[in-house]
Structure formats: C-alpha cells, structure tokens
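Subject: Handover of a structure

Dear colleague,

Please find below the structure that I am handing over to you. My notes on what was found in it follow directly afterwards.

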Amino acid sequence: MIVSNIQSPSQVTPEEVVVMCSIKEQYWPHSMESQLKWWERYTGKDDVLITLVNDGSILAFLRLRKGSILSNGECLVALCATEVCVSKEYRGQGRGKQLLGAATTYINRVGVNLGYLLCWSSQVEFYRACDWSQLIAIQIESTNTHKSRTLTADERCMVYDPHSRLNGQITLVGDQF
Ligand SMILES: CC(C)(COP(=O)(O)OP(=O)(O)OC[C@H]1O[C@@H](n2cnc3c(N)ncnc32)[C@H](O)[C@@H]1OP(=O)(O)O)[C@@H](O)C(=O)NCCC(=O)NCCS
C-alpha cells in the first residue's frame, strides 16, 4: 500500500535525501551532485518533507516551508509547497493528488489553513484537480532585497485557502518558492 509520511529534515536519512534528489533530477536535471549541494544549502530545520512511500521506498515528495502572505495589509502565516514531484513510473495514477492531499491535511492539522505555491501554466490543471485555486493579480516581495515583482509570463500562483481569507491586494513574501 502507498502511504504518506511527514518528516522534518533531521528525521530524514542521507539515503532518503539521495532518493528525493534523484526524483527531482528526473524533472530538473542539474546533476545529482548539484541537487545534493542545493539540498544541503537550502534545507531549513523547520521545513517539512511530505513523502509517499511504497514498501519503504519513497516514490514522491514535496517540501513545505514557512512563509507569509500579505493580504489587504494583513500578514498571514502560510506554508509554501516546493519541489512537488512524483517519480515517473508512478505518474498518472493519482499519486500527485494523494501527495497534495497529505499536504493539505497537514496544513489544516497544524492550524495554518493556508498554502501557496508557484508553478508553470502547464501545471495549473493538476493543482485545480487537487482543489487548489489560482490567484491572478499578485506581487512577490523578496525578503532579502525587499524588491517587488509580478509573475513572469508563464508563472502561476496556486493557493489552498479553505477559509477564503485571501482578498484584495496579495503579496507573497519570501525568497524560495
Ligand atoms: C505534476 C505531477 C506532480 C502530477 O502527479 P501525478 O501523480 O501524475 O498526478 P495525478 O495522477 O495525481 O493527477 C491528478 C489529477 O491531475 C490531472 N493532471 C495531472 N497532471 C496534469 C497535467 N500536466 N495537466 C492537466 N492535468 C493534469 C490528472 O488528470 C488528474 O485529474 P483527475 O483527478 O480529474 O483524474 C507529476 O506529473 C510530476 O511530478 N511532474 C513533474 C514535476 C512537476 O512539474 N511538479 C510541479 C512543480 S510546481
């Protein structure tokens, strides 16, 4: 049976990091060496790794990072999903939906009740099928530089907002999406 699992980075073994990086490498081919370096450099201790596991082997994962969204001037805590990926041999079997379902269950369970992510236009239908919705007019503000930008031509912002708290002018705050 394929089940979901939730771990902090400190609970993940080096072997599991290699498996997750190798799933990323299937879609974002930068070399395993650079995947592992990126992982070491950008993984924060508060990140949450959600995996799907079949008989002890990871076949899909995503990361949730703590972030914030300014909505009509109010700063809301939110969890940002990154690196959503399902190993190629398991695609098209409902595993992506199962993974996003595990993420939203977690987002609700910890009382954050707000998730967001950036993706490309070709992925919007997948996230819609997972009950995330698209936000149209948003700004993105870098935490480091405080510079603001709009979405690029092919970039899209999807949100999980079960209590419809987002309204008015929306700004995503952070550097890693
Ligand atoms: C995107 C991805 C996570 C989807 O995982 P998956 O296991 O193949 O998706 P599922 O089988 O769970 O599909 C769930 C639903 O989304 C739909 N869907 C999946 N991929 C889709 C796509 N590219 N375009 C349109 N619909 C799509 C499915 O038809 C299904 O719809 P249904 O519930 O109405 O039947 C997977 O293809 C993947 O890892 N892609 C590469 C990495 C990537 O692009 N990640 C997103 C980064 S932001």
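**Strand β7 and its partners**

Glutamine 139 has threonine 150 of strand β8 as its bridge partner. Please bear in mind from the outset that this is a predicted model.

This pair belongs to a longer arrangement: β7 (residues 138–141) and β8 (residues 148–150) are antiparallel and share three bridges. The two strands form a hairpin, and six residues lie between them. Within that turn, histidine 146 has a positive phi of about 60 degrees.

Strand β7 also pairs with β10 (residues 170–173), in this case in the parallel sense and through four bridges. Glutamate 141 of β7 faces valine 173 in β10.

Which side chains of β7 are buried and which are not? Ile138 and Ile140 point to one face and are buried, whereas Gln139 and Glu141 point to the other face and are not.

**The chain as a whole**

The chain contains four helices and ten strands. Read from the N terminus, their order is β-α-α-β-β-β-α-β-α-β-β-β-β-β.

The C-alpha trace spans about 45 × 30 × 30 Å along its principal axes. A compact globule of 177 residues would have a radius of gyration near 16 Å, and the chain has 16 Å, so the two values agree. Of the 177 residues, 27% are buried. If one takes the contacts with a separation of 6 or more, residues 24 or more positions apart account for 68% of them.

**The nonpolar core**

In soluble globular proteins, nonpolar side chains tend to be buried together. The largest nonpolar core of this chain has 40 residues. Those that touch the most other members are Ile50, Phe61, Ala81, Leu99, Ala103 and Tyr116.

Tyrosine 116 is a useful residue to inspect in the viewer. When residues up to four places away in sequence are not counted, tyrosine 116 touches Ile69, Ala78, Cys80, Cys157, Met158, Val159 and Leu172.

**The surroundings of the ligand**

There are 17 residues around the ligand, and Gly96, Lys97, Cys119, Glu125 and Ala129 come nearest. The elements that give two or more residues to this shell are β4 (74–86), α3 (95–109) and α4 (124–129). By class, the shell comprises seven nonpolar, six polar and four charged residues.

Glycine 96 is found in helix α3. Is glycine 96 buried or exposed? Glycine 96 is buried, because 22 other C-beta atoms lie within 10 Å, and the threshold for being buried is 20 or more. Apart from its neighbours within four places in sequence, glycine 96 is in contact with Val86 and Phe126. Glycine 96 and alanine 129 are 33 residues apart in sequence, and their C-alpha atoms are 9.9 Å apart in space.

**Tryptophan 28**

Where is tryptophan 28 placed? Tryptophan 28 is in the loop between α1 (14–27) and α2 (32–42). Tryptophan 28 counts as partly exposed because there are 13 C-beta neighbours inside 10 Å; a residue is exposed at 12 or fewer and buried at 20 or more. The C-alpha atom of tryptophan 28 is separated by 9.6 Å from that of glutamate 83, although these residues are 55 residues apart along the chain.

Yours sincerely,

A colleague

How values were computed
Residues are numbered from 1 along each chain as its sequence is written. This is a predicted model: local features need pLDDT of at least 70, side-chain atom pairs count only at pLDDT 80 or more; totals for chains, interfaces and linings use all residues. Two strands pair if DSSP finds at least two bridges between them. A residue is near a molecule or strand if its C-beta atom, placed from the backbone, lies within 6 Å of it. Ala, Val, Leu, Ile, Met, Phe, Trp, Tyr, Cys and Pro count as nonpolar, Asp, Glu, Lys and Arg as charged, and the others, Gly among them, as polar. A nonpolar core is a set of buried Ala, Val, Leu, Ile, Met, Phe, Trp, Tyr and Cys residues joined through C-beta atoms within 7 Å. Two residues are in contact if their C-beta atoms, placed from the backbone, lie within 7 Å. The radius of gyration is taken over C-alpha atoms; the globule rule is 2.2 Å times the number of residues to the power 0.38.
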